[in-house]
Structures are given as C-alpha cells and as structure tokens.
Amino acid sequence: MSRNLTADLAADLRMRIVDGVIQPGAKLPSENTLISEFGVSRTVVRAALTHLQAEGLVETERGRGSFALTPPPDGNRTMPGSRPVASMEDRVQLLEFRIGVESEAAALAARNRSERQLRAVKKALDDFTSSGEHPAHAMKADFEFHRAIAAASGNPFFSDCLASLGQTMIAMPRTRLMTGGEHDAREHFEHVALEHASIYAAIADGDESTSAAAMRSHLANSRRRLRSPATVG
C-alpha cells in the first residue's frame, strides 16, 4: 500500500513538472504541504521525492527544499538504446560525449550551412540572449541553439543524436536554486551567451577550425561549471 501511495504522489509531481505547472528552478510544495494535500506520511513524501531525484526531475537542497529541473521533452521516457541522465557523473560524461560530437558538427556547419540554417542559429542565439530572466525559456533556447547547429552541419545523424538526448542535455546553474545567487546566476548566463555568440560568429564566417574550437571551449567550460559548486545538472 505504501508503495502505491509513493507511486501516486511521484506521478502527480512528475506530471506537474513535465506539464510546466512547476517550472524549472521553481520550488516544489513543502513536505508538510504535500502531507496535508495527499494525506500521506512524511516517509511517503520523501520516498516520492527520492524517485524524482533518481529520474533527474528534482534537485533537493538540505534545509531549503526540493526544486524542479528540466524534464525530457517527452516526460521521463528515453529513446530506444539511450541512457538516462540522472547523476552528476552521467552529466559530466554526457558533456564529454558532446564535446566530441558537437565540435565536429560546428565545423561542418561552418562549411555546409545554408543562409536559412544560419538564420535559425541566429534566432536561437537571440532567443537565448533575451531569456536571462526566465530559466525555462533560457534552457529551451540553449537546446535550440545547439540543435540548429547540428541541423546546419548537413549531416542528419548529428540532428538525430541531439534530438535523442533531448533538452535535459542542458545543465541548470545551481545559483538558480540558491537564495542570494542572482548575481552569480546572471554572470553564468552572460558567460554562456558570449560563448554562444563566438560559436555563431565563427560559423557565419565559414571558419571550420574556429567553429570547432569555439564549441569545444564552450562545452569544456560547461563541464568545468558543472563540476563547480555553482552549477547543477
């Protein structure tokens, strides 16, 4: 019976996160609120949150509560043959994989992109740059920027690869979840925006080696930020 209550509560919270009722970076209802709302024990609440943490949908800060992370585009389902990305180690390894794949995609985009594809990359860059105050929009625009570059490579396998990874390949800065972290979060965002702009400029110039280097530097910086106390995957 307890397992059913845990599953029901986890399913309800999962739906709220996936449907956007609880936005990425937003705090989940407190344990006491969930206990009252669902008529369950504290043990059930904590077990449900543990399930959501394992799925990569929730980050819990001791003494502060639990916060929603960005869900995969289709909820918690993964593509056939894909791996779930839940732990910090998973996210670091995913970035290492992306460094290899996306650096080559950026080089090919510099060589092969059409004007329409370049405009798509620029639109995603502009959308990201203007979304600093809206974490959910920023993460979506970040993903669209990388996906537009993959499409501009002219090789559909790059596009398929990023589509299978989904939006959860984008890491959320821990400062979004921390009291008093607004300045650090803004600084983090501005660094990423500048890195994106450098990648776009190199692709627009048709410079393959600089495009690859700019993408490699951006993702290596993301890996460094992920490992630092200021970032959460």
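This briefing describes the fold, the surface, one helix and one hairpin of the protein chain. The model is predicted, and the values below are computed from it. The secondary structure of the protein chain comes to nine helices and two strands, and read from the N terminus its elements follow the order α-α-α-β-β-α-α-α-α-α-α.

**Burial, surface and contacts**

- The protein chain has 233 residues, of which 45% count as buried.
- About 11,800 Å² of the protein chain is exposed, and carbon and sulfur atoms supply 53% of that area.
- When contacts in the protein chain are restricted to residues at least 6 apart in sequence, 73% of them join residues that are at least 24 apart.

**Helix α4**

- Helix α4 covers residues 88–112, and because a helix is expected to advance 1.5 Å a residue, its 25 residues should span 36 Å, a value that agrees with the 35 Å separating its end C-alpha atoms.
- Along its course, α4 bends by about 30°, and the bend is located at Ile99.

**The β1–β2 hairpin**

- Strand β1, made up of residues 58–61, pairs with strand β2, made up of residues 65–68, in the antiparallel sense and over four bridges.
- The two strands, β1 and β2, form a hairpin in which three residues lie between them, and across the pairing Glu61 stands opposite Gly65 in β2.
- Within the turn of this hairpin, Gly63 has a positive phi of about 85°.

Definitions and conventions: Residues are numbered from 1 along each chain as its sequence is written. This is a predicted model: local features need pLDDT of at least 70, side-chain atom pairs count only at pLDDT 80 or more; totals for chains, interfaces and linings use all residues. Side-chain values use heavy atoms; hydrogens and water are left out. The expected span of a helix is 1.5 Å times one less than its number of residues. The bend at a residue is the angle between axes fitted to the seven residues ending there and the seven starting there. Buried means under 20% relative accessible area, exposed over 50%, partly exposed in between (1.4 Å probe, protein chains only). Contact means heavy atoms within 4.5 Å. Accessible areas come from the Shrake-Rupley method with a 1.4 Å probe; for residues, only the protein chains shown count as cover. Two strands pair if DSSP finds at least two bridges between them.
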